Amino acid sequence: DGRRPREARDQYKAALDLVTGNSPDSDRLRAELLEHMGDAERIAGMAEDAQRSYEKALAIWDTLLPGQKAKRSGVAQLRRGVLLGRLARTEEAKQAFERAMDAAPTARETYATILAFLVVNEPDNAFAHSVFHTAQNQLGLEPEWKVYFALWLRMIAGRSGLPVEGEVLAVFESFAEGDDWFAKLAKFGSGKLNYDTLLEEAEAVGERAEAYFYEGGRRLSQGDETGARAMFTKVLDTQRSEE
């Protein structure tokens, strides 16, 4: 439905008009709303408006950055990286992402945001693998997130036309045993469980959505854009059914 992103854009604009004051907290909220507004505009095909929204959000984060403590500096750099990527300033985006990892090395959200961005943006397999390697070395990273990150790396490699690297395959092998959902996803990632069986094993709406998403990623990496789109549509349908 082409109206939905335009409606979302109008809602974010209305929310932006309600933000008052000039404190760091209100500025952060403005930057977040502008980024969301830019995303809605981009999806709606309003490229010039999206660029302006992204540039305004980036300018706010640039202003906030000098006064941020380590953890908040990591968040600021993370958002700067995404915005710079949206503006096709690729090398600057990577520098911001690297600074985000340096500022908050134990924050799972840092790695998740960077890798998720690389899944949907222009694929950069070498940088994605560097982020993945750093994330996997964090002692507190839960097994399910190791598997999710490995699945995202597989998607990025596929979109780059490159084989999946051994370190990624090793994660699938390490966690493929057991009845946990992430173990089934690991088995799917390794090719030992096909999509139909994975879907049968899904017990909740969220698990079905993940099965659709990762099958969509697999199809996309094989050049089947029509099949991938069908899977991603199923993901959106599961989200709407929950609303």
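Here is a walk through this structure, from its cores to its open spaces and a few single residues.

A word on the ground rules before we start. This is a predicted model, with local features needing pLDDT of at least 70 and side-chain atom pairs counting only at pLDDT 80 or more, while totals for chains, interfaces and linings use all residues. Residues are numbered from 1 along each chain as its sequence is written, and side-chain values use heavy atoms, with hydrogens and water left out.

Let's begin inside. The largest nonpolar core has 46 residues. A nonpolar core here is a set of buried Ala, Val, Leu, Ile, Met, Phe, Trp, Tyr and Cys residues joined through side-chain atoms within 4.5 Å; buried means under 20% relative accessible area, exposed means over 50%, and partly exposed is in between, using a 1.4 Å probe and protein chains only. The residues with the most contacts inside this core are Ile114, Leu115, Leu118, Phe149, Trp152, Leu185 and Tyr214. Helix α8 (residues 143-160) gives the most to it, with ten residues. Helices, by the way, are DSSP runs (H or I, at least four residues) numbered from the N terminus. Apart from this core lies another one, of 20 residues, with Val19, Leu65, Ala76 and Leu87 among them.

Two residues give a feel for the packing. Tyr214 touches Tyr148, Leu151, Trp152, Arg154, Met155, Leu185 and Phe188, leaving aside residues up to four places away in sequence; contact means heavy atoms within 4.5 Å. Then there is Leu78, in helix α4 (residues 70-86). Leu78 counts as buried because its relative accessibility is 5%. With the same sequence neighbours left out, up to four places away, Leu78 touches Phe97, Ala100, Glu109, Thr110, Thr113 and Ile114. Take the last of these: Leu78 and Ile114 are 36 residues apart along the chain, and their C-alpha atoms are separated by 7.5 Å.

Now to the polar side of things. Thr238 sits in helix α13 (residues 225-242), and it counts as buried because its relative accessibility is 9%. A polar atom of the Thr238 side chain lies 2.5 Å from the backbone oxygen of Val235. Not counting residues up to four places away in sequence, Thr238 touches Val205, Ala209 and Tyr212.

Gln138 is in a loop instead, the one between α7 (125-136) and α8. The side chains of Gln138 and Tyr111 are joined by a polar contact of 3.5 Å. A polar contact is a pair of N or O atoms within 3.5 Å; within protein, one must be able to donate a hydrogen and the other to accept it, and residues adjacent in sequence count only if both atoms are side-chain atoms. Tyr111 also appears among the residues that Gln138 touches, along with Pro105 and Thr106, when residues up to four places away in sequence are not counted.

What about empty space? On a 1 Å grid over the protein atoms alone, a cavity is a set of points where a 1.4 Å probe fits but cannot get out, a pocket is an open set with protein on both sides within 12 Å along at least five of seven lines, and lining residues have an atom within 4 Å of a point. Grid points are joined across faces, edges and corners, and a volume is the space filled by probe spheres set on the points.

The structure holds one cavity of 30 Å³ or more. About 40 Å³ of space lies in the largest cavity, and its lining includes Asn125, His129, Leu153 and Arg154. Helix α8 gives the most to that lining, with three residues.

The largest pocket has about 840 Å³ of space. It is lined by 17 residues, and Arg42, Arg86, Ala116, Val120 and Phe213 lie nearest its centre. The elements that give two or more residues to this lining are α2 (24-43), α4, α6 (108-120) and α13, with the largest share, five residues, coming from α6.

Two loop alanines round off the walk. Ala88 is in the loop between α4 and α5 (90-103), and its phi is near 65°, a positive value in a residue other than glycine. Ala88 is exposed, with a relative accessible area of 61%. Ala204 is in the loop between α11 (195-201) and α12 (205-221) and counts as partly exposed, at 36% relative accessibility.
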